[in-house]
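Have a look at the structure below and get your bearings. We'll walk through some empty spaces, a ligand site and a small piece of sheet.

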Amino acid sequence: MIPVSEPLLGGKELEYVTDCIKTGWISSAGKYISDFESGWSAYCGKKYGIAVSNGTNALDVAVHCLGLRPGDEVIMPSFTIISCALAVVNNGGNPVLVDNDPNIWTMDVGQVAEKITSKTKAIMPVHIYGHPVDMDPILDLAEDHHLAIIEDAAEAHGAEYYSRSNKTDSWKRCGSFGTMSCFSFYANKLITTGEGGMVLTDDEALAKKARAYRDLCFQPHRRFYHDQLGNQYRLTNMQAALGVAQMERIDDIIAKKQWMAQEYTKLLQKVEKIQLPAEKPWARSVYWMYAVVLSDACGMDNTECAKRLYEKGVDTRPFFIGMHEQPVFHKMGLFINEKYPVAERIARHGFYLPSGLTITREQIDLVSNAVCEVLGP
Ligand SMILES: Cc1ncc(COP(=O)(O)O)c(C=O)c1O
């Protein structure tokens, strides 16, 4: 079976983790934590990095720092992971949804303006499968309406967006746009710490708030006396050691993903029944996953297609199911009767192919042949 993803731990991971064990620095104190925080924030063009235990908690920290009041709204795409909506709901707010773009599957930025109300506090763009959101319209709306941006870059380490905002024409990395930006370092991500996450910001006060929140709001001068409630979201030094070793190879990691995408595209472009991942002229995708969408004419949904590919030794994963189709939110009275046609279609027809960093030329050929056999040229 060709797996969907396998981590590549081929650099100094073992050396750095061994160092933690030999020196006894195995908890959330230690030099790898600060090296990882400063290294990753600098790479993304942000001043402060706050490492946390996973990407879901990174989003929770970021939304917490907004200080939402009950009923405050955060605009996000329907098609995303539940972590985005969860962070808002858990902090007393209401997620407000927009549909997704039919070509790049990120939020449809053209729908955001009409969703802004007096209760809107933030916009949460989510870069999907390694392709950036069209950020300039979001940056403009945020500025005009005094909104925060919580950028979810969990799937887009090192991806770049050509921004013309503030009249600076330049390529900028995902994670550099948010008031607070969030990453996941789960084992299938471009940079992994096994489980892990980080919040980035340029704002010193927000960084301080985030650091306190991830560490139970202990007070520097009177540790066990609390005037705020926090959470225990700390990353360990051993996990950060993995992250530091991974970061050293980020250029090779991105190059491998882009090579993989190029090869798949060459082999699959003749398959009429699938839509391949697009790359906008203003984007440099890192192809976290090589994702495809079955055409309506194909007569098969992603479950059936996944089953047939599995029988041929190819593992796949289905796309997210939109937030407006989640029974748990309906039970809370959210998104009732809301319709987002693109999110609904790609949830049923989208899936991604084996895309791990260990993938070989031979595996790409095998996967592509299996896709051609199942779907025809
Ligand atoms: C877009 C997005 N945001 C957030 C997360 C949550 O990250 P984690 O699994 O580390 O909690 C993920 C996880 O894959 C994700 O894809």
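Sort the residues lining the second largest cavity by class, and you get 5 nonpolar, 4 polar and 1 charged. Keep in mind as we go that this is a predicted model. The lining of that second largest cavity brings together residues such as Ile 2, Pro 3, Val 4, Ser 5 and Glu 6 with others including Pro 354, Gly 356, Thr 358, Ile 359 and Gln 363. The space inside comes to about 50 Å³.

How do you find such a hole in the first place? Rolling a probe the size of a water molecule over the atoms shows where empty space is left. In this structure, there are 3 cavities of 30 Å³ or more.

Now move to the largest cavity, with a volume of about 80 Å³. Which classes of residue line this one? You'll find 9 nonpolar and 3 polar residues, but no charged ones. Among the lining residues are Asn 103, Ile 104, Trp 105, Ile 128, Tyr 129 and His 131. Others on the list include Pro 277, Ala 278, Ser 285, Tyr 287, Met 289 and Ala 291. So where does the largest cavity sit? It lies between domain 1 (13-247) and domain 2 (250-375), because both of them give residues to its lining.

Next stop: the ligand. It is surrounded by 13 residues, and the closest are Thr 56, Asp 152, Glu 155, Ser 184 and Lys 189. Zoom in on a few of the contacts. The side chain of Thr 56 has a polar atom 2.6 Å from an oxygen atom of the ligand. With Gly 55, the backbone does the job: one of its polar atoms is 2.8 Å from a ligand oxygen. Asp 152 meets a nitrogen atom of the ligand instead, with an N or O atom of the Asp 152 side chain 2.7 Å away.

Finally, let's trace a bit of sheet. Three strands make up an open sheet in the order E7-E6-E11, and their pairing is antiparallel. Which strands are at the edges? They are strand E7 (170-173) and strand E11 (283-284), each of which pairs on one side only. Strand E6 (residues 160-163) is joined to E11 by 2 bridges, and the two run antiparallel. To see the match-up for yourself, find Tyr 161: across from it, in E11, stands Ala 283.

How values were computed: Residues are numbered from 1 along each chain as its sequence is written. This is a predicted model: local features need pLDDT of at least 70, side-chain atom pairs count only at pLDDT 80 or more; totals for chains, interfaces and linings use all residues. Side-chain values use heavy atoms; hydrogens and water are left out. Two strands pair if DSSP finds at least two bridges between them. Helices (H or I, at least four residues) and strands (E, at least two) are DSSP runs, numbered from the N terminus. On a 1 Å grid over the protein atoms alone, a cavity is a set of points where a 1.4 Å probe fits but cannot get out, and a pocket is an open set with protein on both sides within 12 Å along at least five of seven lines; lining residues have an atom within 4 Å of a point. Grid points are joined across faces, edges and corners, and a volume is the space filled by probe spheres set on the points. Ala, Val, Leu, Ile, Met, Phe, Trp, Tyr, Cys and Pro count as nonpolar, Asp, Glu, Lys and Arg as charged, and the others, Gly among them, as polar. Domain bounds come from an automatic or database domain assignment. A residue is near a molecule or strand if one of its heavy atoms lies within 4 Å of it. A polar contact is a pair of N or O atoms within 3.5 Å; within protein, one must be able to donate a hydrogen and the other to accept it, and residues adjacent in sequence count only if both atoms are side-chain atoms.
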